Amino acid sequence: MKGLVIKDLYILKGTIATTLTILAILIVYCLLRGYGIGLVIIPTLIFAATTTSSLKLDWAADWDKKALTMPINRKLIIQSKYLELICLCVIGTIIGEISANIQNLFTNALSNLIILNFGLLSLALGIIGGSFHILLVYRFGGKSLENSEILLFVAYGISVGIMGIFVWGLKFVYTINFEAFSAVPLIILLASIIVSICTYKITIILYEKKEL
């Protein structure tokens, strides 16, 4: 399992380098325009979206078919994709938190608690969106994943809807105030992990039926 995740991250090094370049431009733009919330949220979502790049590279090289001749099963392949997603989301969240705190050194635009709370929310959004993206790609992705960008928009649309439902439901139990310490982001993050586990289980079922 560890080897599969390392393999995915290694083959993504070119994609990650491009992602970091794009991210640097967006961070500079947000800093200049004072979009503090964007600094927190954008990195996680961009890193989550790069997960399926490893799928494209795998499918282009018929990696899955070759991997199954080794002591690797389909379940391990899917596990590696979801672990890769979690790793990339965490990296994106850390970059977002650092960027927003750097901005605070000069403008003090956001409180530390807002940065923390929105960092947790963006992590949850990235996990849900990335999980559904993987699921949709395995279900509806073409032979070369040429429609993965469309599926990404669909996945993030679903994730925003789910996040909205979570927030709507929690407002009846908790007073939602992201400017103070709140259990809401932690609860939503936990719920996002549960959603990810569910999509992981469904993806395994779909992949077991998929012809390679």
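The legends below describe several views of one predicted model of a protein chain.

**View 1. The whole protein chain is built from helices, without strands.** The protein chain holds nine helices and zero strands, so that, read from the N terminus on, its elements follow one another as α-α-α-α-α-α-α-α-α. Of the 212 residues in the protein chain, 47% are buried. Among the contacts with a separation of 6 or more, 79% join residues that lie 24 or more positions apart in the protein chain.

**View 2. The surface of the protein chain is supplied mostly by carbon and sulfur atoms.** The protein chain exposes about 10900 Å², and carbon and sulfur atoms account for 72% of that area.

**View 3. Helix H7 covers residues 112-140.** With 29 residues at 1.5 Å a residue, helix H7 should span 42 Å, and because its end C-alpha atoms are 41 Å apart, the expected and the modelled spans agree. Since 23 of the 29 residues of H7 are buried, this helix is largely enclosed by the rest of the structure.

**View 4. Cys 89 is a buried cysteine without a disulfide partner.** The closest cysteine sulfur to that of Cys 89 belongs to Cys 87 and lies 9.5 Å away, which is too far for a bond because a disulfide needs the two sulfur atoms within 2.5 Å. The structure as a whole holds zero disulfides. Cys 89 has a relative accessibility of 0%, and therefore counts as buried.

**View 5. Cys 198 is a partly exposed cysteine.** Its relative accessibility is 44%, and Cys 198 therefore counts as partly exposed, a class that lies between buried, under 20%, and exposed, over 50%.

How values were computed: Residues are numbered from 1 along each chain as its sequence is written. This is a predicted model: local features need pLDDT of at least 70, side-chain atom pairs count only at pLDDT 80 or more; totals for chains, interfaces and linings use all residues. Side-chain values use heavy atoms; hydrogens and water are left out. Helices (H or I, at least four residues) and strands (E, at least two) are DSSP runs, numbered from the N terminus. Buried means under 20% relative accessible area, exposed over 50%, partly exposed in between (1.4 Å probe, protein chains only). Contact means heavy atoms within 4.5 Å. Accessible areas come from the Shrake-Rupley method with a 1.4 Å probe; for residues, only the protein chains shown count as cover. The expected span of a helix is 1.5 Å times one less than its number of residues.
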